Amino acid sequence: GPGEADLSRLNPLSGKVDGILVGEGFADSPYIQRLARRLPVVVIAGTLGAQAADVVAADSFSGAAALVAHLIADHGRRRLFHVGGPPDSPDAIQRRLALDHVLRGHPGCGLIGSAPGIFSVASGEQAAERLLARHRSALPDAVVCANDQMAIGVLRALTAVGVAVPGEVAVTGFDDLYPARLADPPLTTVRQPMRTLGERACARLLDRIAQPGLTPA
């Protein structure tokens with residue numbers, strides 16, 4: 001997958017360090033599993049489940065579900081459009097599963113369409129252009145994006161053609177990155193506890209270096 005080439009840069013390091021902390025994990029990466037057989041590896045935001053490395057992750061599913069439920073229950077948004085992340089991103093997968101789960105519980109609401117993205121602002125702009133090309137005559141009530149950068153791209157593209165956000169279309173992200181607060185209007189998002197994730201991952205890596213027999217968590 002896309003993670004394989006990037007992670008191969010860790011090969012020369014693996015004999016020189018006591019452990020490796022991977023900042024973003026790709027789903028079921030065989031490379032991470034091979035690496036973890038050689039030395040302690042902890043992955044932030046990796047795939048939850050059986051694998052060789054430890055995973056420290058926020059609860060993307062619950063956060064995304066709460067956000068979609070808020071859009072529907074508190075703001076009456078019924079027609080949603082989804083901008084997804086990379087197909088091998090565990091966070092993006094969980095956020096999409098949460099959207100589908102909430103929609104199943106609200107029969108009067110549904111997804112009018114979706115577009116793929118790669119977590120960048122530009123991919124959000126492209127997704128919004130796709131949305132406008134297909135749904136300009138009947139816009140969704142809300143665009144749910146798998147992260148903040150894409151949501152900012154959607155926001156820019158919609159406002160550039162005169163669509164009022166959030167008046168006509170609500171736009172939501174995920175992560176609560178600093179630029180989300182600078183967007184005009186400010187972006188509705190879910191806060192990821194990045195600092196806490198980093199601290200817990202480092203602590204777990206030190207534990208694993210001290211006790212190599214620890215069961216992956």
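The following paragraphs describe the fold, the sheet, the packing and one buried loop residue of a predicted model.

The model is predicted, so local features are reported only at pLDDT of at least 70 and side-chain atom pairs only at pLDDT 80 or more, while totals for chains, interfaces and linings use all residues. Residues are numbered from 1 along each chain as its sequence is written, and side-chain values rest on heavy atoms, with hydrogens and water left out.

The protein chain holds eight helices and seven strands; here helices (H or I, at least four residues) and strands (E, at least two) are DSSP runs, numbered from the N terminus. Of its 217 residues, 47% count as buried, a term that stands for under 20% relative accessible area, with exposed meaning over 50% and partly exposed lying in between (1.4 Å probe, protein chains only). Contacts, defined as heavy atoms within 4.5 Å, often link distant parts of the sequence: among those with a separation of 6 or more, 63% come from residues 24 or more positions apart.

A convenient place to start is the sheet. Four strands form an open sheet in the order 5-4-6-7, with parallel pairing; two strands pair if DSSP finds at least two bridges between them. Strand 5 (110-115) and strand 7 (170-172) stand at the edges with a single partner strand each, so one side of each has no neighbour in the sheet. On average, neighbouring strands are turned by 20 degrees against each other, direction ignored, where axes are lines fitted to C-alpha atoms, for helices over the stretch in contact, and angles run from 0 to 180 degrees between N-to-C directions.

The pairings can be followed strand by strand. Strand 4 is joined to strand 5 by five bridges, and Phe81 has Gly113 of strand 5 as its bridge partner. Helix 4 (residues 90-104) packs on the sheet, touching strand 4 and strand 5, and its direction makes about 160 degrees with that of strand 5. Four bridges connect strand 4 to strand 6. His82 stands opposite Ser114 in strand 5 and has Val144 as its bridge partner in strand 6. Strand 6 in turn pairs with strand 7 over three bridges in the parallel sense, with Ala142 and Ala170 as bridge partners.

Burial follows the sheet closely in the text below. In strand 4, four of the five residues are buried. Strand 6 is covered on both faces, with Ala142 and Val144 buried on one side and Val143 and Cys145 buried on the other. Cys145 has a relative accessible area of 3%, and Cys109, at 12%, also counts as buried. A search of the whole structure finds zero disulfides, a disulfide being a pair of cysteine sulfur atoms within 2.5 Å.

Two helices contribute clear sets of buried residues. Helix 3 (residues 60-73) has 14 residues, which should span 20 Å at 1.5 Å a residue, and its end C-alpha atoms are indeed 20 Å apart; the expected span is 1.5 Å times one less than the number of residues. Its buried residues include Gly63, Leu67, Val68 and Leu71, and the buried residues of helix 3 pack against strand 4, helix 4, strand 6 and strand 7. Helix 5, with 15 residues, reaches 21 Å from its first C-alpha to its last, close to the 21 Å expected. Among its buried residues are Ser123, Ala127, Leu131 and His135, and their cover includes strand 4, strand 5, strand 6 and helix 6.

The largest nonpolar core, meaning a set of buried Ala, Val, Leu, Ile, Met, Phe, Trp, Tyr and Cys residues joined through side-chain atoms within 4.5 Å, has 25 residues, and those with the most contacts inside it include Val83, Val143, Cys145 and Leu158. Strand 4 (79-83), helix 5, strand 6 and helix 6 (148-160) each give two or more residues to this core, and the largest share, seven residues, comes from helix 6. Apart from this core lies another, of 15 residues, among them Leu80, Cys109, Val144 and Ala170.

Finally, Pro140 offers a local view. Pro140 sits in the loop between helix 5 (121-135) and strand 6 (142-145) and is buried, with a relative accessible area of 1%. Leaving aside neighbours within four places in sequence, Pro140 is in contact with Arg79, Leu80, Phe81, Ile112, Leu131, Glu168 and Val169. Pro140 and Phe81 are 59 residues apart in sequence, yet their C-alpha atoms are 6.1 Å apart in space.
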